[in-house]
Amino acid sequence: MPINLDRLMAHVMRLAEVGATADGGVTRLAFTPELRAAETLVRGWMEEAGLTTRLDAAANIIGRRESLAMGMPCVMLGSHIDTVVNGGRYDGALGVLAGIEVAHALREDGVELLPALEVVSFTDEDGARFKGGFFGSWNMTGTLDPEFLDRGDDDGVTVPDALRAYGLDPARLPGAARQPGEIGAYLELHIEQGAVLEGRGVALGAVTGIAGTLGLRVQISGRADHAGATPMGEARRDALAGAAQMILAAERIARACSPTAVATVGHIAVSPNVSNVIAGEVTMHFDVRDIQIETRDLTETSLRHEIERIASLRGLMVSISDRLRAAPVPIAPDMIELVSTACEMAGAPAVRLPSGAGHDAQIMARITEPAMLFVRCRGGVSHSPAEYVEPSDIGLAAQALYHATRLAAERVARTGFTA
């Protein structure tokens, strides 16, 4: 078995110490000292695995093993090492570290690939700091919305300010873009972040498609009044009560539109946020997802209509704007088959399933052919200190990624695939 599980687990545990929280979680946000410390570790491990490393203009960490055939598209393995606030130690990080372990194993096994091999850690996939996400992969595909650069974090630090503090020049972001034809295949190992695999008693999954994520910012304006002196009725312009109705409407609409649609409000800000004052202003972030674009769009249209209807009935002003819009991405049948074959070679036949969570793979689909390998996580828990993956499952997943890398390299060498 080429994979050295002890080495891989040592890397997982060591990286988890960077940004560790008191209750066993991890916080590593974009362009912070914690991310810089993690970058230093990851680049060191890449170099130990024989990769030449660099930081691109968007702070993506790239380790490369050169090809035997010059000009051939590379095979890329990737994920991310940033986290949500008080997140887990496996989300994203496992994919990057397993990619490094594959590079180690290929070198130690004496395997030469015709295409170049790249292992990438994408910047700010989770988007916790600037309420966005996929910053690194948007830039690598040359598709970053310029409006993203107008965003600020909770302390008012803008994305350009954060980039400059990290030693990068915002004006050079276009330099991170890769061209179609440079990357022959993109493979991403990730924890499932759900409980389908656990429920079926299997360790690995071949992803069939990735749900499209839609982020909406809803700003509601009412009137702040005295909570005791303002009678219940038409005189009230309670922005928070209207927001509560809108949140419940999102649940109802998602259930009605599609069995695979989901709608969530995970962020809400209330002003003046005083117990004896009626809320005058509310800002909410809606997260709407589906693996089918048609039903996701139907969910969005219905939700926008209902938000505006509720606001009108309550005498509230409302504005709705996009925070994030990523289309669902189906995985090509031959790439699903490639991952499934790799899992069988590792001794762990895979279940085929869609991903409800967003991943860099769906952004990379704009310039290459992506594939994803899932590994089960206990209870389906993710973005939490309770996130956990059995080491034996990690070993199987890394072994499957090793086989998938070799299969993808053979495919690129055989077909000369370009996106």
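This passage describes the overall build of a predicted model and then turns to one helix and two individual residues.

The secondary structure of the protein chain amounts to eleven helices and 13 strands. The chain is as compact as a globular protein of its length, because its radius of gyration of 23 Å is close to the 22 Å that the globule rule gives for 419 residues. Along the principal axes, the C-alpha atoms fill a box of roughly 80 × 45 × 40 Å. Of the 419 residues, 56% are buried. The contacts tell a story of their own: among those between residues at least 6 apart in sequence, 79% join residues at least 24 apart. The surface that the chain exposes comes to about 16700 Å², and 52% of this area is supplied by carbon and sulfur atoms.

Helix α1 offers a good place to look at the model in detail. This helix covers residues 5-16, and at 1.5 Å a residue its twelve residues should span 16 Å; the C-alpha atoms at its ends are 16 Å apart, so the expected and computed spans agree. At the start of α1, the backbone nitrogen of Asp 6 has a side-chain oxygen of Asn 4 within 3.2 Å. Further along, the buried residues of α1 are Arg 7, Leu 8, Met 9, His 11, Val 12, Leu 15 and Ala 16. In general, residues three or four places apart in an α-helix point the same way, because there are 3.6 residues a turn. The cover over the buried residues of α1 includes three other helices, namely α2 (33-48), α3 (93-108) and α11 (391-415).

Outside the helices, Arg 129 deserves a closer look. This arginine sits in the loop that runs between β4 (117-122) and α4 (135-140). Arg 129 counts as buried because its relative accessibility is 13%, under the 20% cut-off. A polar atom of the Arg 129 side chain lies 2.8 Å from the backbone oxygen of Ala 30. Ala 30 is also one of the residues in contact with Arg 129 once neighbours within four places in sequence are left aside; the others are Leu 29, Phe 31, Thr 32, Asp 153, Val 157 and Ala 162.

Leu 248 provides a contrasting case. This leucine belongs to helix α7, which is made up of residues 239-257. With a relative accessibility of 53%, Leu 248 counts as exposed, the cut-off being over 50%. Val 265 is 17 residues away from Leu 248 along the chain, and the C-alpha atoms of the two are separated by 9.6 Å.

Terms used. Residues numbered from 1 in each chain as written. Predicted model: local features only at pLDDT ≥ 70, side-chain atom pairs only at ≥ 80, totals over all residues. Heavy atoms only, no water. Helix = DSSP H or I, 4+ residues; strand = E, 2+ residues; numbered from the N terminus. Expected span 1.5 Å × (residues − 1). Buried < 20%, exposed > 50% of the residue type's maximum accessible area, 1.4 Å probe, protein only. Contact = heavy atoms within 4.5 Å. Polar contact = N/O pair within 3.5 Å; in protein donor to acceptor, adjacent residues only side chain to side chain. Rg over C-alpha atoms; globule rule 2.2 N^0.38 Å. Areas by Shrake-Rupley, 256 points an atom, 1.4 Å probe, with all protein chains shown as cover.
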